[in-house]
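User: I should like to go through this structure and see how each term is justified. Please show the sequence and the structure before we begin.

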Amino acid sequence: MFKDLEGKVVVVTGASSGLGRAIAKRFGQEKAKVVINYYKNEGKSDELIGEIKEAGGEAVKIQGDVSKEEDVKKIIQFAIDTYGTLDVMVNNAGIQNEVPSEELSLEDWNKVISTNLTGIFVGSREAIAYMLKHDIKGSIINMSSVHQIIPWPHFAHYAASKGGIKMLSETLALEFAPHGIRVNCLAPGAINTPINKEKFSDPAAKKEVLKMIPLNKIGEPEEVAAAAVWLASKEASYVTGTTLYIDGGMTNYPSFQAGKG
Ligand code: NAD
């Protein structure tokens, strides 16, 4: 538990499923005031609010599409109107789809970039502007991926968006460090969430993924949520402009594991 998170106002985008859901729930368990942004699944958000309240936390929900500037502004304003301030912004929402790059349409490219990268830009900008104005030494946590450094054929738009998140976050960290605002990335490897449901339900595909993970297991959303609360807490007060990889060692050149090469 991180005592200093109690009462902190936290926005989590794309929080009705997967990593966002686990992160929102964990902040609730830390007794933060959680603003759950959902895109389509209102029912799942209600379920999550129930779970957070049961754990003694507070939560509210707001619909919004992070690829739309006015929606991101609306989400942040809702948090401020509801809970009076904003301390932590978790820009989590993201999408991916598999397309060979020679067939990748501009429409698909724009959709992924506007959700994954532009959504995080606007979410970070709006949160930082509020924090600056009110002298809040807040924390911005941007959901990247191991694909911010590992190239991924058939997912060029996704990999480009995550690489962009890395450089955007590092730049913002540098720019706002003098104000005590910290900006960091989380970079999960292969985690058991709906985004991977199809892949992990196929035993052969799952086996191939496991070969790339030195710890030899698929991660759980709670293992990413644990990193998110730590990054937001005082325990990480000297951490900014960095990426915390939560990947079972995937970025550690697993093909060299046998000592050859
Ligand atoms: P997920 O599909 O369960 O979660 C994505 C969430 O984003 C969903 O709740 C969805 O409704 C929401 N969303 C999609 N488009 C949106 C929009 N325009 N506006 C607002 N919300 C929107 O999958 P997940 O694994 O929980 O993914 C969460 C984040 O983690 C993504 O950014 C993803 O790239 C990243 N990530 C996941 C993994 C993994 O293995 N699961 C690995 C690396 C990075």
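User: Which residue in S4 is the bridge partner of Val12?

Analyst: The bridge partner of Val12 in S4 is Val90. The model is a predicted one, in which local features need pLDDT of at least 70, side-chain atom pairs count only at pLDDT 80 or more, and totals for chains, interfaces and linings use all residues. Residues are numbered from 1 along each chain as its sequence is written, and side-chain values use heavy atoms, with hydrogens and water left out.

User: Why are strand S1 and strand S4 said to pair?

Analyst: Strands (DSSP runs of E, at least two residues) pair if DSSP finds at least two bridges between them. S1 (residues 9-12) and S4 (residues 88-91) share three bridges in the parallel sense, so the criterion is met.

User: What makes S3 and S7 edge strands?

Analyst: The open sheet has seven strands in the order S3-S2-S1-S4-S5-S6-S7, with parallel pairing. S3 (58-63) and S7 (243-246) each pair on one side only.

User: What distance links the side chain of Asp65 to the ligand, and why is it called a polar contact?

Analyst: A side-chain N or O atom of Asp65 is 2.8 Å from a ligand nitrogen atom. A polar contact is a pair of N or O atoms within 3.5 Å, so this pair qualifies. Backbone N or O atoms of Asn92, at 2.8 Å, and of Gly189, at 3.2 Å, each face an oxygen atom of the ligand.

User: How much of the ligand does the protein cover?

Analyst: The protein covers 92% of the 810 Å² of accessible area (Shrake-Rupley method, 1.4 Å probe) that the ligand has on its own.

User: Which residues come nearest to the ligand?

Analyst: Of the 28 residues around the ligand (a heavy atom within 4 Å), Ser17, Leu19, Tyr158, Ile191 and Thr193 come nearest. Helix H1 (18-29) and helix H5 (156-176) each supply at least two residues of this shell.

Key. Helices (H or I, at least four residues) and strands (E, at least two) are DSSP runs, numbered from the N terminus. A polar contact is a pair of N or O atoms within 3.5 Å; within protein, one must be able to donate a hydrogen and the other to accept it, and residues adjacent in sequence count only if both atoms are side-chain atoms.
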